[in-house]
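Student: I would like to learn how to read the surroundings of a bound ligand. Could you take me through an example?

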Amino acid sequence: MRIAVLASGRGSNLQALLDDLAPDTAPGRVVLVLSNRADAGALTRARQAGVRAAALADGAGDPLTLLETLRSAEAELVVLAGYLKRVPDAVVAAYRGRMLNIHPALLPAFGGPGMYGHRVHEAVLASGARVSGASVHLVDEEYDHGTILAQWPVPVRPGDTADTLAARILAIEHRLLPAVVRAVCRRILAGAPVEPLASAADAFVLANMPERLEAALVNA
Ligand code: GRF
């Protein structure tokens, strides 16, 4: 599967994907990285890995430019990894069921317009929730709204700041995203529908039982 990644920032989730999909035996590989920011660390990481990387000149507002760029790379799956621009509806429609996003909270809570970066973790802390986590979902026309494919809970600890909570969740994101991308690639290659990757019980496991989640995703 030929994968395009859209990222606006440092690109640590992109790096996790590049590392995980490096072996020839992986069911997909990153062939294109696009950013709405020319100074995004994600573009540097892509170039270092020998992957085509480009900043979208118009800040990604023009759906035709984005769609043509994705199609010229023959991208079959699109992963949003910290991409802060709204993806135009025409692009969402062209890649329906084949565009994923990772969000650093347990959707549908703490998602939606304006819920990105530290704002997410600050809202979680302000709410008093004792659990947060990471979610990977299909992208539709609404922010953070499409079908949830997999989630991984992460505890909120006493004394957490947005920084400490973000770091704990980010480490989990780096494991969840590649596992979901692999599972989605395998499903598409097998002609199977892309849907939640396991039963709710399997996808929602304790963060200290990672092998169970990974087994559930591998068997998805
Ligand atoms: C991650 O927390 C991701 O969930 C969110 O934006 C952040 C991107 O981080 N959508 P990075 O650029 O992958 O390091």
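**The ligand and its shell**

Tutor: The ligand occupies the space of the largest pocket, where a pocket is, on a 1 Å grid over the protein atoms alone, an open set of points with protein on both sides within 12 Å along at least five of seven lines. This is a predicted model, in which local features need pLDDT of at least 70, side-chain atom pairs count only at pLDDT 80 or more, and totals for chains, interfaces and linings use all residues. Residues are numbered from 1 along each chain as its sequence is written, and side-chain values use heavy atoms, with hydrogens and water left out.

Student: Which residues are around the ligand?

Tutor: A residue is counted if one of its heavy atoms lies within 4 Å of the molecule; here these are R10, G11, S12, N13, G82, I102, H103, P104 and E173.

Student: Which polar side-chain atom lies 2.4 Å from an oxygen atom of the ligand, that is, in which residue?

Tutor: A polar contact is a pair of N or O atoms within 3.5 Å; the side chain of R10 supplies the atom at 2.4 Å, while an N or O atom in the side chain of E173 is 2.5 Å from a ligand oxygen.

Student: What is unusual about the peptide bond from L107 to P108?

Tutor: Most peptide bonds are trans, and most residues other than glycine have a negative phi. The bond from L107 to P108 is cis, with omega near 10°, and F110 has a positive phi, near 55°.

Note on methods. Polar contact = N/O pair within 3.5 Å; in protein donor to acceptor, adjacent residues only side chain to side chain. 1 Å grid on protein atoms, 1.4 Å probe; cavity = no way out; pocket = protein on both sides within 12 Å on 5 of 7 lines; lining within 4 Å. Sits in = over half its atoms within 2 Å of the grid points.
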